Amino acid sequence: MSAEMKRIRALFKVQAKEFKRDFGAMFFSFVFPMFFVVLLVVTSLMTPTYKFEFGVVDPTGNPSARKLVEALASDYMSISSLTRAQAEKELTEGKLQAALILPKADLVSGGGEVEVIADKRSEGFARLAMEAARSRLLHEDSAGPEPYQFKVVAPRGKASSKFSFLYPGMLALALLQLGLFATATPLLRDRERGTMRHLLLTPMHIRELLVSQVSFRFLVALVQVSILLAAGMFVVDLGATQWIEVLAISCLGAVMLICIGYALAGLAPTLEGGMAIIMIVNFAMLFGGNVFADPANSKILLVVAHFFPVSYLADAYRQVINQTTGLWPMWLDMCALVVWSGLAFLVAVRTFRFDMGQDERRRGLAPAAEQPA
């Protein structure tokens, strides 16, 4: 192993130890977003469904179809008559748990099959309800033919819900906290204490310092997202392809928010001023950046969301996880992440400083450092 790689490895370990000791960075990077995800998962799993909402699409209104609807009716079942377009729309919006598409042929003649549209969470109950209705019809007419056959199919799009909106936003929240409280804040603190300036007195090259810092935070980002994805799988069904897509988006999002963290640290004149800037940016992105509030429901929020980089990250996550269209096309989300990354990188390069007094020394207002940056 070369001397340069040994120094990078040593600096990487130092970053890991500092991160472990930094309660604020650990809390905002892991505990804060995980708290919301666990709360969402538990709420989603424990929220009782007092009535199973069935939508019935009956194009002909034949007597056998009416018997099926009557057999399904119960205290725990709510049945509404809809068109197919209405049923598919309400399934997507989460207003229905299942939809019955009745055939034009008479059910008891064997000429038709009932199509039951239900997602994986509702499929078991939908099958149970259909089997119970069939048994009830057989009990009423034991000498007659088998009442009907049915098949269960998945809906075209995933059902939306409060969880499906907030959960992808929590992934964006985690990376945002990494960029602000695990990147910008430690940099400000190291500059205030003079730690980074003293590192320049060692044989270490600036490139090695940056490689170790960025690679460590990049690893933290992947761990963050992986843990949150694993927690969310108790509610959402994520395939291997979606995992890969989410991790790819996370890589781009991590680059963007780490660059933003460096840019904010460079712009801040003091530690106190920097913390104020970080808190303002964090608050603005959380409530105006498509994380907690849905901009689709407000023209003002939609306009505001255009100006926050985290909006595009959260939108990309939702498109991949929920398999739905977002506020913007996926290509636009990706382009926005790249553009914001480039802008933040340029600002970070222009404003990066190794200690708080570097600007004064450049103007001749303070003694020169032992080694100029």
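The exercises below, each with a worked solution, concern a predicted model.

**Exercise 1. The sheet**

Determine the strand order of the open sheet and find which strands stand at its edges.

Solution.
- Step 1. The open sheet has 5 strands, in the order S2-S1-S3-S4-S5, and its pairing is mixed.
- Step 2. Strand S2 (77-81) and strand S5 (149-153) each have a single partner strand, so they are the edges and one side of each lacks a neighbour in the sheet.
- Step 3. From one strand to the next, the twist averages 25 degrees.
- Step 4. Helix H3 (residues 63-72) packs on this sheet and touches S1, S2, S3 and S4. The direction of H3 makes about 150 degrees with that of S2.

**Exercise 2. Strand S3**

Work out how S3 pairs with S1 and with S4, then assign its residues to the two sides.

Solution.
- Step 1. Strand S1 (residues 52-57) and S3 run parallel and are joined by 4 bridges. Val57 stands opposite Ile101 in S3.
- Step 2. With strand S4 (residues 113-118), S3 pairs in the antiparallel sense, again over 4 bridges. Here Ala98 stands opposite Ala118 in S4.
- Step 3. Side chains in a regular strand alternate between the two faces of the sheet.
- Step 4. In S3 (residues 98-101), Ala98 and Leu100 lie on one side, and Ala99 and Ile101 on the other. Buried means under 20% relative accessible area; these four residues are all buried, and both faces of S3 are covered.

**Exercise 3. The nonpolar cores**

Identify the residues that touch the most other members of the largest nonpolar core, and the helix that gives its largest share.

Solution.
- Step 1. The largest core has 74 residues, of which Tyr167, Val246, Leu313 and Tyr317 touch the most other members.
- Step 2. Several helices each supply at least two residues, including helix H1 (3-21), helix H8 (206-232) and helix H9 (240-267). The largest share, 18 residues, comes from H6.
- Step 3. Leaving aside residues up to four places away in sequence, Val246 touches Leu171, Val225, Leu229, Tyr317, Val320 and Ile321.
- Step 4. Another core, of 22 residues, lies apart from this one; among its members are Phe52, Ala71, Ala98 and Ala118.

**Exercise 4. Helices H12 and H13**

Describe the crossing of H12 and H13 and classify the residues in their contact.

Solution.
- Step 1. The axes of H12 (residues 309-322) and H13 (residues 330-351) come within 9 Å and cross at roughly 145 degrees.
- Step 2. This crossing of H12 and H13 is left-handed.
- Step 3. H12 contributes residues including Tyr312, Leu313 and Ala316, while H13 contributes, among others, Met334, Leu337 and Trp340.
- Step 4. By class, the contact has 10 nonpolar, 1 polar and 2 charged residues.

Conventions: Residues are numbered from 1 along each chain as its sequence is written. This is a predicted model: local features need pLDDT of at least 70, side-chain atom pairs count only at pLDDT 80 or more; totals for chains, interfaces and linings use all residues. Side-chain values use heavy atoms; hydrogens and water are left out. Axes are lines fitted to C-alpha atoms, for helices over the stretch in contact, and angles run from 0 to 180 degrees between N-to-C directions. A crossing is left-handed if the near helix is turned anticlockwise from the far one by less than a right angle, and right-handed if clockwise. Contact means heavy atoms within 4.5 Å. Ala, Val, Leu, Ile, Met, Phe, Trp, Tyr, Cys and Pro count as nonpolar, Asp, Glu, Lys and Arg as charged, and the others, Gly among them, as polar. Buried means under 20% relative accessible area, exposed over 50%, partly exposed in between (1.4 Å probe, protein chains only). Two strands pair if DSSP finds at least two bridges between them. A nonpolar core is a set of buried Ala, Val, Leu, Ile, Met, Phe, Trp, Tyr and Cys residues joined through side-chain atoms within 4.5 Å.
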